[in-house]
Structures are given as C-alpha cells and as structure tokens.
Amino acid sequence: MKYRIAMAAILALTMQAASAQDKPAAAVPAGQKDATTLEFEKFRTQMEQEGNPAELFELQGEEFWKAKRGPKNVALTASCDLGLGVGVVKGAYVQMPRYFADAGKVMDAERRIVWCMVEKQGYKFDDLARRPFAGDNYTPEQTSLVTYVAAQSANMKFAVPLKDPHVREVYEIGKEVVAYRAGPYDFSCNTCHGADGKRIRMQNLPNLGTPQGALSAVLGWPGYRMTGSVMLTHQWRMSDCFRQQRFPQPKYASDTITALLTYMTANANGHMYKGLGIKR
Amino acid sequence: MNNISRISLLAAALLTLVAAAHADGDYRAQALSMMKQDFVTKGQASADRISEDGLQAICNRTGNKPPPEIAHRLEADQLAGVKLPADGKLLGDWKSGEQIAQSGRGFTWTDAPGLPVGGNCYNCHQIAPKETSFGTVGPSLFQFGKLRGNTAEMQKYVYSKIYNAKSFNLCSAMPRFGHIGALTEKQIKDLVGLLMDPESPVNK
C-alpha cells in the first residue's frame with residue numbers, strides 16, 4: 001500500500017507538468033493518444049488491479065461515520081439520515097440529490113453529510129467550509145465521509161427521485177444553470193459540455209444533457225485524482241469547472257451546486273454507478 | 001455616448017422584445033436569483049461576473065438562437081466596436097502568435113490578475129500541425145490563410161473575429177478577446193500572422 005501511494009505521488013508530479021491546460025503536449029501523430037494520456041491509462045490500469053487509493057479514504061470515512069465525534073459527541077451512524085433511514089448508507093449515494101424535509105432542501109450527498117455534521121454533531125459550517133476540498137497533504141473529513149458513503153452504492157443504479165416535485169424543480173433550475181452564459185469569456189457549462197464529441201485540448205467533454213454524457217460526468221466521482229494525488233468529490237469538480245468558466249467562486253454546499261448535481265445525476269438515472277474512481 | 005453603453009442600451013430594448021417572445025422565465029428567474037446569492041469574489045473573479053451583459057442576456061434567453069433580425073442588428077453593433085490598428089498593419093509575428101495561441105492563462109480566480117493573458121486558441125481549435133493536443137469546440141484553422149487567401153479583406157476579417165467573435169455570430173462560443181480587453185492590439189496582430197502569414201506553419 002505504501003508503495004502504491006508513493007508511486008501515485010511520483011506520477012502525479014510528472015503529470016502535473018504535462019496536464020496543465022496551457023502547456024503544449026509532446027507532438028504525436030494525429031489520431032493517437034498523447035504521451036500523458038497513455039501514461040495515465042497505464043497507471044490507472046495498474047491501480048485498478050492493485051486497489052484504488054480512494055479505498056484508503058473510504059476506510060477513513062467509515063471510521064468517521066461510526067465514531068462519536070464533534071462538540072455533541074454523536075455518531076453519524078446513529079443520527080444522520082441520508083434519505084433511507086438513520087444510519088443507512090447502502091444505496092443512499094445513488095438516490096441523492098433528494099429532498100430532505102428536516103432541512104427543507106434538496107441536497108446532494110456532500111451537502112447532506114455536512115448538514116448532519118453541523119446539525120447532529122455540532123460542527124460549525126464555516127469551519128467545514130473554510131477548506132472544503134483536498135489539497136497538499138490535506139483531506140477534509142467530509143471528503144472521506146462522502147467517499148465512504150459513495151462506495152456503499154457501487155454497482156447500483158442511479159435513481160434520483162425526480163418524481164418528487166421538490167427534486168424536479170431543482171432539476172429544472174439546474175438545467176438553466178448549465179446554459180447560463182456570463183463572465184468575461186461569455187461561457188456557460190454548455191459552451192464546453194453542450195454537444196457530443198467535443199474536446200478541450202485532449203480532454204473529452206461529456207455532453208451533460210444526454211444520458212450517456214451525463215453518465216460519464218457522474219461516474220468515477222468521488223475520485224482519486226492523479227494530478228496532485230488528492231481525493232476529490234463531485235462538488236470539487238463543479239467548483240473547478242466554474243473556475244475554468246471564469247465565473248466567481250460558488251459557495252461551498254450551495255443551492256447552485258446541488259442544482260447542477262441534480263441535473264447531471266438525474267440525467268444518468270437508470271445507469272449503473274461503478275463506485276469510486278481514479279481521475280486524471 | 002461610447003460604444004459599450006450604446007450597445008447595452010440597444011440590447012436592453014431588444015431584450016424586452018425577446019423576453020416577451022420567450023416567456024419560459026420561471027425556472028430561469030429562480031436560477032438567476034439563486035446564482036446571485038451563491039457566488040463570492042475570489043481573486044480577480046469578482047462576484048459581479050455572475051451578472052449577464054446585454055448580449056449574454058439575449059443569447060441566454062433564446063437558447064443561443066436569437067431571431068435573425070435581432071442577431072444582425074446586434075452583430076453590426078459589436079462590429080462597430082472593433083478597433084482596427086491605426087497603422088493599418090494587421091499581419092504580426094506568427095512565432096509570437098503561436099505562443100499566445102498556446103497559453104490558456106488568464107481571468108480565472110487562480111490566475112494572477114492583469115495582462116498579458118493567453119488566447120486559449122488551442123483549447124478549442126486545431127491550428128499549426130505540430131500541436132496535436134488541440135480542442136474541437138471550434139473548427140480547425142489549419143491552413144486557414146492558404147484556403148481563404150491572404151488578402152487585406154481576409155486579414156481584416158480575422159483581426160475583427162478575434163477582437164470580437166460576436167460581430168459575425170452573435171452567440172458564438174468564442175470569447176470576445178479585444179472587446180473585453182483581454183488581448184492587446186499587438187497580440188491580435190500576431191495571431192493574424194499565425195493564421196494568415198504564408199511563412200506560418202499553419203499554411204505550409
């Protein structure tokens with residue numbers, strides 16, 4: 001295990017240089033994959049055989065889920081309802097975002113977990129939101145928790161409860177958000193993700209409005225990301241795409257992020273969630 | 001009145017028309033007020049970027065397909081705002097143009113504020129044959145000058161397209177690099193060089 005993580009760190013360092021969007025990649029004949037992509041795929045295959053480093057975070061998350069923690073010294077497993085009953089994690093991830101009457105809101109998995117940490121365990125939201133995503137040698141606790149919860153839905157079908165009018169409304173709002181152009185470059189999500197078969201540099205861009213595109217947009221999240229060797233959630237992906245879109249920063253665990261996740265995940269309804277991912 | 005406020009006034013007037021014609025506004029209105037609350041300034045990416053300008057508003061409300069009469073009037077207005085170089089020379093240094101086309105730096109909350117920024121061109125376009133890591137959001141520009149002819153007229157078109165892509169296609173996916181002050185006159189000339197100069201690898 002130690003060896004694997006070290007490998008991941010080394011590879012991530014080399015990848016960092018090559019995958020930055022504004023750096024030219026090595027020249028290769030047209031139609032072939034560039035060197036970075038090949039290197040990455042090789043490494044991903046190897047990790048899939050030996051075990052995804054994301055599993056370490058899953059284990060960590062399981063401990064967090066089951067232990068009594070926080071100012072109120074309460075365990076999430078004894079207090080947090082992810083939609084299927086207090087403490088039930090199996091199948092919960094693929095059925096979120098969903099409406100939670102106790103919060104009066106539609107919430108995605110990460111937002112719901114944070115809500116539980118605040119309401120049940122007594123953590124302060126502002127503390128959790130200060131550094132919400134993993135960075136150098138740092139993984140937020142809620143990221144490990146999301147990883148644990150998501151892993152308990154592996155090989156189950158996405159089933160966002162779209163029949164619930166609360167969820168449907170948020171879905172429709174999410175559809176507006178992906179089409180909304182603003183900012184200095186006039187970009188919306190759809191500028192990059194609104195048609196089939198498009199690429200930015202060598203990165204394939206899923207068409208979020210189609211079932212297949214939405215599926216590749218939601219599969220593999222949360223995922224262990226080579227670039228930087230970090231465990232990242234779907235919320236992080238949304239935030240980083242807003243960055244590329246030249247938008248201001250979305251607030252952590254906000255309605256806008258839930259709306260995007262509702263739109264994409266529901267578009268993938270009926271398809272299988274394959275579990276924790278390994279991302280480039 | 002300067003160009004920008006003239007444009008936004010006209011856009012505002014037209015917007016009322018378009019909004020009336022496409023009144024599916026409920027979810028959109030909710031999305032807008034939600035987003036106004038949910039974004040904060042980070043680095044140079046200020047919270048007010050979430051507001052749409054006149055042109056964005058038209059494109060947002062028509063699914064990027066404004067009625068042709070409106071599109072043509074607004075395109076002409078965008079074109080009127082294109083500032084061509086005073087010295088009349090449009091063909092810059094293609095080697096420098098290649099570097100500008102490669103760079104995607106600029107305007108995100110992790111970029112240092114200020115100029116110069118990159119053109120992002122390879123993110124969306126195939127350009128010189130040596131660079132095989134190119135995007136496909138826009139059409140291939142390989143052999144552009146060769147295919148379209150390196151005429152004064154065509155140079156002017158390319159300069160204007162880069163300056164303000166919306167002058168020719170109101171809801172284009174391509175940013176308005178000169179209009180927003182992202183690329184300087186010299187940078188745009190160099191990009192024209194990259195696409196048009198017979199010596200540029202694009203046209204070899």
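**The largest cavity and two helices that line it**

In this predicted model, the largest cavity holds about 150 Å³ of space.

User: What makes this space a cavity rather than a pocket?

Analyst: A cavity is a set of points where a 1.4 Å probe fits but cannot get out, whereas a pocket is an open set. The search of the whole structure finds two cavities of 30 Å³ or more, and the largest has a volume of about 150 Å³.

User: Which residues line the largest cavity, and which helices supply them?

Analyst: The lining has 17 residues, with A:Y93, A:A109, A:H234, A:L261 and A:T265 nearest the centre. In chain A, α4 (109–119), α10 (234–244) and α11 (255–267) each contribute at least two residues to this lining. By class, the lining comprises eleven nonpolar, four polar and two charged residues.

User: Why is α10(A) called roughly perpendicular to α11(A)?

Analyst: Their axes cross at roughly 110 degrees and come within 10 Å. Angles of 65 to 115 degrees count as roughly perpendicular, and therefore α10(A) is described as roughly perpendicular to α11(A).

User: Which residues make the contact between these two helices?

Analyst: A:H234, A:Q235, A:M238 and A:F242 of α10(A) meet A:T256, A:I257, A:L260, A:L261 and A:M264 of α11(A). Six residues of this contact are nonpolar, three are polar and none is charged.

User: What share of the residues in chain A is buried, and what does "buried" require?

Analyst: Buried residues make up 55% of the 280 residues in chain A; the term requires under 20% relative accessible area.

Conventions
Residues are numbered from 1 along each chain as its sequence is written. Chains are lettered from A and ligands numbered from 1 in the order in which they are written. This is a predicted model: local features need pLDDT of at least 70, side-chain atom pairs count only at pLDDT 80 or more; totals for chains, interfaces and linings use all residues. Side-chain values use heavy atoms; hydrogens and water are left out. On a 1 Å grid over the protein atoms alone, a cavity is a set of points where a 1.4 Å probe fits but cannot get out, and a pocket is an open set with protein on both sides within 12 Å along at least five of seven lines; lining residues have an atom within 4 Å of a point. Grid points are joined across faces, edges and corners, and a volume is the space filled by probe spheres set on the points. Helices (H or I, at least four residues) and strands (E, at least two) are DSSP runs, numbered from the N terminus. Ala, Val, Leu, Ile, Met, Phe, Trp, Tyr, Cys and Pro count as nonpolar, Asp, Glu, Lys and Arg as charged, and the others, Gly among them, as polar. Axes are lines fitted to C-alpha atoms, for helices over the stretch in contact, and angles run from 0 to 180 degrees between N-to-C directions. Angles under 35 degrees count as roughly parallel, over 145 as roughly antiparallel, 65 to 115 as roughly perpendicular and the rest as oblique. Contact means heavy atoms within 4.5 Å. Buried means under 20% relative accessible area, exposed over 50%, partly exposed in between (1.4 Å probe, protein chains only).
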